[in-house]
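Visitor: I would like a close look at a single strand of this protein, and then at how the rest of the chain is arranged around it. Please take the strand itself before anything else.

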Amino acid sequence: MHLTQVSNNHVFGGWHQQFEHQSASLNCNMRFAIFLPPQALNGQKVPVLYWLSGLTCTDENFMQKAGAFRVAAELGIAIVAPDTSPRGEGVADDPQGKYDLGLGAGFYLNATQPPWNVHYKMYDYICDELPNIIENSFSVNTQKMISGHSMGGHGAISIALKNPEKYLSVSAFSPICNPINCPWGQKAFSAYLGDNQQDWLEYDSTELLKNTQAKVPMLISQGDADNFLTEQLKPDALLAVAKQKDYPLTYQLEAGYDHSYFFISSFIEAHLRFHYKAIENAK
């Protein structure tokens, strides 16, 4: 796999780097960012946290706004932030130019409907292709955690529930918890997956939790001043299933916080330490 370096910045004793590569899953050129902590620069193979961003974002939002590098450097955790969708000439986009479908809105699934199915295979990219690239190109081990925000929180939780053997832990900020029952999810799923709503269940975290037997430790942080909370995010649906199944889910509702990266930067340290605890427990 040929990687082309786009940027390189020294930070908290480690390096933040961006790379481009040709993706076999997505049939286009993709960019991702990686933070390598100081431990990785000394030959130690470190665990990796995969961060999935939300609607309209790229690899840059989390890396530049979340303030995660100091604690990640302390704990010896690499962070990988992919883009949120395929990009480039010929990649389908919302014909009306809306932000919640197409470019920037891949929803971390494998599209089955044209024209989306030519490029929109974000599930395969996140689960298989990207980790293979990271593990073969950088000083990391095979221990993986996954986290995300909003659409990326949906992606992180659904991917962890579908692949419990791959991830030590999962966390999310303001995730879309029940996309089959919210406008964002219904629009994206009908376009990408078609009208058969049985196919939608495969990517709905609440529905997946109903049927899982594995228990990947989960942390969710939500701001009570989030203007998307009631209509789009619907955490109560997921929480009800978690309570019924006695699932190891910690839910933190934070007073006064909204949907922004101000919220994420306020609590990212707690999430990183949550994932570090899973690493320690795996020893």
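Guide: The strand to take is β8, which is covered on both faces: M218, I220 and Q222 on one side are buried, and so are L219, S221 and G223 on the other. Put as a count, six of the six residues of β8 are buried, and the strand is mostly covered. The division into two sets follows a general pattern. In a regular strand, side chains alternate between the two faces of the sheet. The model is a predicted one, and what follows should be read as a description of that model.

The neighbours of β8 within the sheet come next. On one side is β7, residues 170–173, which pairs with β8, residues 218–223, in the parallel sense over four bridges. V170 stands opposite M218 of β8, and F173 is placed opposite S221. On the other side, β9 also runs parallel to β8, and six bridges join the two. Here I220 of β8 faces Y251 of β9.

Two helices make contact with this part of the sheet. Helix α5, residues 151–162, lies across β4, β6, β7 and β8, and its direction is at about 135 degrees to that of β6. Helix α10, residues 235–245, also packs on the sheet, where it touches β8 and β9 and makes an angle of about 145 degrees with β9.

Just beyond β7 there is a residue with unusual backbone geometry. S174 lies in the loop between β7 and α6 (183–193). Its phi is near 45 degrees, a positive value in a residue other than glycine. Most residues other than glycine have a negative phi, and most peptide bonds are trans. S174 has a relative accessibility of 0%, so it counts as buried, the cut-off being under 20%.

The whole sheet can now be set out. It is open and has nine strands, in the order β1-β2-β3-β5-β4-β6-β7-β8-β9, with mixed pairing. The edges are β1 (4–11) and β9 (249–254); each has a single partner strand, so one side of each is left without a neighbour in the sheet. From one strand to the next the twist averages 20 degrees.

At the edge formed by β1, the pairing is antiparallel: seven bridges join β1 to β2, which covers residues 14–23. The bridge partner of T4 in β2 is E20. β1 and β2 form a hairpin with two residues between them. F12 is found in the loop between these strands, and its phi, near 50 degrees, is again positive in a residue other than glycine.

One further backbone feature is a cis peptide bond, from P114 to P115, with omega near 0 degrees. P115 lies in the loop between β5 (78–82) and α4 (122–137).

Then there is the packing of nonpolar side chains. In soluble globular proteins, nonpolar side chains tend to be buried together. The largest nonpolar core here has 69 residues, and those with the most contacts inside it are F32, F107, I134, I146 and Y192. Helix α4 gives the most to this core, with eight residues. Leaving aside residues up to four places away in sequence, Y192 touches L101, G102, A105, G106, F107, L109, A111, T112, Q113, W116 and Y120. A second core of 26 residues lies apart from the largest one, and M63, A68, A81 and F263 are among its members.

Last, the protein as a whole. It has eleven helices and nine strands. The radius of gyration is 18 Å, close to the 19 Å that the globule rule gives for 283 residues, so the protein is as compact as a globular protein of that length. Along the principal axes, the C-alpha atoms fill a box of roughly 50 × 45 × 35 Å. Of the 283 residues, 59% are buried. Among contacts with a separation of 6 or more, 72% are between residues 24 or more positions apart. The accessible surface comes to about 11400 Å², and carbon and sulfur atoms account for 47% of that area.

Methods:
Residues numbered from 1 in each chain as written. Predicted model: local features only at pLDDT ≥ 70, side-chain atom pairs only at ≥ 80, totals over all residues. Heavy atoms only, no water. Pairing = 2+ DSSP bridges. Axes fitted to C-alpha atoms, helices over the stretch in contact; angles between N-to-C directions. Contact = heavy atoms within 4.5 Å. Buried < 20%, exposed > 50% of the residue type's maximum accessible area, 1.4 Å probe, protein only. Rg over C-alpha atoms; globule rule 2.2 N^0.38 Å. Areas by Shrake-Rupley, 256 points an atom, 1.4 Å probe, with all protein chains shown as cover. Core = buried A, V, L, I, M, F, W, Y, C linked by side-chain atoms within 4.5 Å.
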